[in-house]
Amino acid sequence: MDAPITQALNGGGPLVQAQDAGMITFGSAPLHGGDLLDAMTPELVDLIRPGLTPGAAGLLAAASCPALDVVLTSASSHAHWDDAARALAVPLTREHLRRVTDELATG
């Protein structure tokens, strides 16, 4: 999960190249499944934003990528959609997102 985000934070990678070519960039982040949950330790969730569920923390990290225009997500219940909306209300800053990707790189 961290490689495309790190590349975008550094001003490169396929997402930045797509934006530079005038394309709209999309990412996919299922809220309660997929690779995002595998990376979400309690410590990483707290680093991203204390109080979030692991799924919401992963979604927030992915959606905060500076080179993404749209993040597609899916959820299995109204409560999960509410979880996503709360998480995405305030995206991570570039500096905060860099701390998250640095932590992922060491993990």
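1. A quick orientation to begin with: the chain has seven helices and two strands. Please keep in mind that this is a predicted model. Reading along the sequence, you will meet these elements in the pattern α-α-β-α-α-α-β-α-α.

2. On the overall fold, 74% of the contacts between residues at least 6 apart in sequence join residues at least 24 apart. A nice example of distant parts of the sequence in space is the pair Thr 6 and Ala 105: they are 99 residues apart in sequence, while their C-alpha atoms are 9.6 Å apart. Thr 6 sits in helix H1, which covers residues 2-9. With a relative accessible area of 24%, Thr 6 counts as partly exposed, because the partly exposed class lies between the 20% and 50% limits.

3. Next, the inside and the outside. Of the 107 residues in the chain, 36% are buried. The chain exposes about 5800 Å², and carbon and sulfur atoms supply 57% of that area.

4. Which helix is largely enclosed by the rest of the structure? Have a look at helix H5, residues 54-63: eight of its ten residues are buried, so the rest of the structure largely encloses this helix. The buried residues of H5 are Gly 55, Ala 56, Ala 57, Gly 58, Leu 59, Leu 60, Ala 61 and Ala 62.

5. Turning to the surface, there is a nonpolar patch worth displaying. Ile 24, Phe 26 and Leu 72 form this patch, and together they have about 320 Å² of accessible area. Ile 24 lies in the loop between helix H2 (13-20) and strand E1 (26-28). Is Ile 24 buried or exposed? Its relative accessible area is 57%, so Ile 24 is exposed, the cut-off for that class being over 50%.

6. The surface also carries a negative patch, made up of Glu 43, Asp 46, Asp 102 and Glu 103. Helix H4 (42-48) and helix H7 (94-106) are the elements that give two or more residues to this negative patch. Asp 46 belongs to helix H4. At 45% relative accessibility, Asp 46 is classed as partly exposed. Asp 46 can still be a patch member because patches take residues with over 30% relative accessible area and no salt bridge.

7. To pull the views together, I would show three things side by side: helix H5 with its eight buried residues, the nonpolar patch of Ile 24, Phe 26 and Leu 72, and the negative patch to which helices H4 and H7 each give two or more residues.

Conventions. Residues are numbered from 1 along each chain as its sequence is written. This is a predicted model: local features need pLDDT of at least 70, side-chain atom pairs count only at pLDDT 80 or more; totals for chains, interfaces and linings use all residues. Side-chain values use heavy atoms; hydrogens and water are left out. Patches are made of residues with over 30% relative accessible area and no salt bridge: like charges are joined within 9 Å, nonpolar side chains (Val, Leu, Ile, Met, Phe, Trp, Tyr) within 5 Å. Accessible areas come from the Shrake-Rupley method with a 1.4 Å probe; for residues, only the protein chains shown count as cover. A salt bridge is a side-chain nitrogen of Lys or Arg within 4 Å of a carboxyl oxygen of Asp or Glu. Lys and Arg count as positive and Asp and Glu as negative; His and the chain ends are not counted. The place of a charge is taken as NZ of Lys, CZ of Arg, CG of Asp or CD of Glu. Helices (H or I, at least four residues) and strands (E, at least two) are DSSP runs, numbered from the N terminus. Buried means under 20% relative accessible area, exposed over 50%, partly exposed in between (1.4 Å probe, protein chains only). Contact means heavy atoms within 4.5 Å.
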